[in-house]
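Please open the structure in the viewer and keep the selection tool at hand. The tour below proceeds one selection at a time.

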Amino acid sequence: MCGIVAYTGPRQGAALVLEGLKRLEYRGYDSAGLAVVNDSGLEVHKAPGKIAVLEKRLAGHLPEGHTAMAHTRWATHGAPTEANAHPHTDCGGTIAVTHNGIIENAGALRTALTKRGHVFRSETDTEVLAHLIEELHGKGASLGDAVAGALHQVEGTYGIAVLSTREPDTVVAARKGSPLLVAIGTGENWVASDASAVLAHTRSVVYLDDGEIAVVRPHDYHILDLAAVEKEKAVTHVEWDLATIERGGYQHFMLKEILEQPESVRNTLRGRLLEEEGAVRLGGLNLSDDDLLKIDRIVITACGTSWHSALIGEYMMEELARIPTEVEYASEFRYRNPIVDERTLVVGISQSGETADTLAALREAKRRGARTLGLVNVVGSTIAREVDGGIYLHAGPEIGVASTKAFTSQIVALALLTLQMGRLRSLSILQGREVVRALARLPELVAHVLAKAPEVEQIAERLVRTANVLYLGRGYNFPVALEGALKLKEISYIHAEGYPAAEMKHGPIALIDELMPVVFVAPRDAVYQKVVSNVEEVKARGGRVIAIVTEGDTGVSRLADHKVEIPETLDLLTPVLSVLPLQLLAYYIAVRRGCNVDQPRNLAKSVTVE
Ligand code: G6P
């Protein structure tokens, strides 16, 4: 959802910001641009497409200068053309702005600015910022004050970085709704959308909060609120190291992340299981047992893949903790008039911790008095900082745009939360121990399933040219069917739909013929026998069946054209295993179709606009 990186210091800035920008490409890759301040003024270079296109255009001739910034775009206003690529400049070509977010009153501001003589060169909402800053800076305001003055006039969301030839060693950054941080080096400082852009140089970062402006120079930085009052901010040490955000020999991040799941699941569990007590230790909930006992309803809210894990959480929470639980798309929740009060626990699930709709839903829940928790992967992200408490996934950085390891860690974190809530209520110590033991075994079982990657690759070969795929599952594996279908459509552009297996009779069955492969997620669980009947229904109509089954299965396997076996575990944990072949299936199909697996068209990893 647009990535920004800026540098000020003694080194040549262009190469540094371009290198950092590549680590932010998961945030958007519609166009890229670079601005450098040097003795001859402001130099700007842009190109539609990926960062590589811009680099090719520069052909090794990077502009010189010690203050630089770069931007990778996920288009909101205006097509991904060169003119619409960031940075955007003012009329005089002395101010450059990069922006992540949406200026909602850009239309009115543009009309007013045009009347005052400003000439616009792009269709973007961002360009109004350059002209607004120009008006104030031109009248003598410092860059910091001019940015603050401009921001007073805009409505919407932003993470911005601004350069000016009049203050050649300054980067001004500001945030409202879109993530941004200041990274602190020795005699040099940075501004970036997230820490991965700067990890090669420093691990000390200051996360900006909404309504804050940072004035950053090589030897100092100041964080101010919009009324220009200076603020003291804590410096955070980022734990992730560079090796974990690199591909490490894999062809794609997605494959690396799929294969990392034994470790990522282990990390989600690490230090949290109490086997004797049949309970868990969750240090970050910030809610006492009394607080948790007062909860009489849970709402889980999320988007995309995280929403699918939320559905699994709903089933777990109602089955084991017996607490009425609902799942809401964050984008719907925030615009309804949701019924929540201080006895409601609203749980937001987000890999990035930055998804605009999830963040807004949690803020709305908080405003209405609900307790809020975040199940978040990115440490220090906005959601993680704003909720009352939470469970970090500790899955490690997820770079591939299609979420994989975050999903399995989310399910595990939901199981931990369910255990916590359940053990405070009716879940017995024996039941608790059973779940704890099953959780502890998961990493080993995950590794066992992933070792079947070659089998899945062979099945994928047969599906490369298919136009549609239907995914069916029931109970805990219905959300897995949704997730399997999402993975396939995201990265291979094959139309895929997930459905509850029994609902097939109410519509999708009309689509079934020999050209419609049907993936059944059918491990041996409480609804297994029912699913066998659904498989029969598909076979009776000539459908091709690919089945995910439990080891030793005969019922569904007898009917399936292809199958992948997964080991036995508790029903509630089967999704952690059954989703793995589906992730691999989507991956291998997309690779065979020549798709850009890590950066599928039109998508972004972190959606920081609504
Ligand atoms: C985007 C990503 C998905 C992700 C969703 C929610 O659509 O492409 O992979 O599931 O956002 O993101 P979050 O970071 O909140 O989990």
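A polar contact is a pair of N or O atoms within 3.5 Å. With this term in hand, the tour may begin; please note that the model is predicted.

**First stop: the ligand**

Select the ligand and the residues around it. The shell holds 14 residues, and those that come nearest are Ser306, Ser350, Gln351, Ser352 and Thr355. By character, the shell divides into eight polar, four nonpolar and two charged residues.

Now display the side chain of Ser350: one of its N or O atoms is 2.6 Å from an oxygen atom of the ligand. Move to Ser352, where a polar side-chain atom also lies 2.6 Å from a ligand oxygen. Then select Thr355, which has a side-chain N or O atom 2.4 Å from an oxygen atom of the ligand. How much of the ligand's accessible area does the protein cover? On its own the ligand has 390 Å² of accessible area, and the protein covers 91% of this.

Next, select helix α9, residues 304–321. This helix supplies three residues, the largest share of the shell around the ligand.

**Second stop: the sheet**

Select the strands β17 to β21. They form an open sheet of five strands in the order β18-β17-β19-β20-β21, and the pairing is parallel. Which strands stand at the edges? They are β18 (325–329) and β21 (389–392); each has a single partner strand, so one side of each is left without a neighbour in the sheet. From one strand to the next, the twist averages 20 degrees.

Within this sheet, highlight β19 (residues 344–350) and β20 (residues 371–376). The two strands run parallel and are joined by six bridges. Ser350, already met beside the ligand, has Val376 as its bridge partner in β20.

Return to α9, which packs on the sheet and touches β17 (297–302), β18 and β19. The direction of α9 makes about 170 degrees with that of β18. Then add helix α13, residues 405–423, which packs on the sheet as well, touching β17, β19, β20 and β21. Its direction makes about 160 degrees with that of β19.

**Third stop: two loops**

Select His86 and Pro87, which are joined by a cis peptide bond with omega of about 0 degrees. Pro87 lies in the loop between β4 (67–73) and β5 (88–89).

Finally, select Ala228, in the loop between β13 (221–225) and β14 (236–237). The phi angle of Ala228 is near 70 degrees, a positive value in a residue other than glycine.

How values were computed
Residues numbered from 1 in each chain as written. Predicted model: local features only at pLDDT ≥ 70, side-chain atom pairs only at ≥ 80, totals over all residues. Heavy atoms only, no water. Near = heavy atom within 4 Å. Polar contact = N/O pair within 3.5 Å; in protein donor to acceptor, adjacent residues only side chain to side chain. Areas by Shrake-Rupley, 256 points an atom, 1.4 Å probe, with all protein chains shown as cover. Helix = DSSP H or I, 4+ residues; strand = E, 2+ residues; numbered from the N terminus. Nonpolar A, V, L, I, M, F, W, Y, C, P; charged D, E, K, R; others polar. Pairing = 2+ DSSP bridges. Axes fitted to C-alpha atoms, helices over the stretch in contact; angles between N-to-C directions. Contact = heavy atoms within 4.5 Å.
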